[in-house]
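Reader: I would like to learn how to read a few backbone and burial features from a model. Please take them one at a time.

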Amino acid sequence: MRIKCPKCKGNAELAPDFTIVTCSQCNLEMSYGEYVKYVAHNDVTYSDILGDYAGSTEGQTAGTLDEWD
Ligand SMILES: [Zn+2]
């Protein structure tokens, strides 16, 4: 699914199994866990939403993703 790229603010792509986030516009590639930490650390708008997940998200899914669009 498409999500907001934390690096270039463009359209990044989250793999259906929530394992990896990629962005063709800036060649971003990171695991979903890294993405959550990156966003939570760099974007105060998302930090409240993702705060509960920032600690341990590796391999887990998050129900709030659908609300990001
Ligand atoms: Zn990007």
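Reader: In which strand is asparagine 11 found?

Author: A caveat before the answer: this is a predicted model. Asparagine 11 is found in strand 2, which covers residues 11–14.

Reader: Is asparagine 11 buried or exposed, and why?

Author: The idea is to count C-beta neighbours inside 10 Å; 12 or fewer means exposed. Asparagine 11 has 12 such neighbours, so it counts as exposed.

Reader: Which residues is asparagine 11 in contact with, leaving aside its neighbours within four places in sequence?

Author: Those residues are Arg2 and Cys5. As for C-alpha separation, asparagine 11 and glutamine 25 are 14 residues apart along the chain, and their C-alpha atoms are separated by 7.7 Å.

Reader: How should I read the sign of phi in lysine 9?

Author: Start from the general expectation: most residues other than glycine have a negative phi. Lysine 9 has a positive value, near 65°, and is not a glycine.

Reader: Where is lysine 9 found, and is lysine 9 buried or exposed?

Author: Lysine 9 lies in the loop between strand 1 (2–4) and strand 2. Lysine 9 is exposed because 12 other C-beta atoms are within 10 Å.

Reader: What is the phi of phenylalanine 18, and where is this residue found?

Author: Phenylalanine 18 has a positive phi of about 65°, although it is not a glycine. Phenylalanine 18 is found in the loop between strand 2 and strand 3 (20–23).

Reader: Why is phenylalanine 18 classed as partly exposed?

Author: Partly exposed is the class between 12 or fewer and 20 or more neighbours. Phenylalanine 18 has 19 other C-beta atoms within 10 Å, so it is partly exposed.

Terms used
Residues numbered from 1 in each chain as written. Predicted model: local features only at pLDDT ≥ 70, side-chain atom pairs only at ≥ 80, totals over all residues. Helix = DSSP H or I, 4+ residues; strand = E, 2+ residues; numbered from the N terminus. Contact = placed C-beta atoms within 7 Å.
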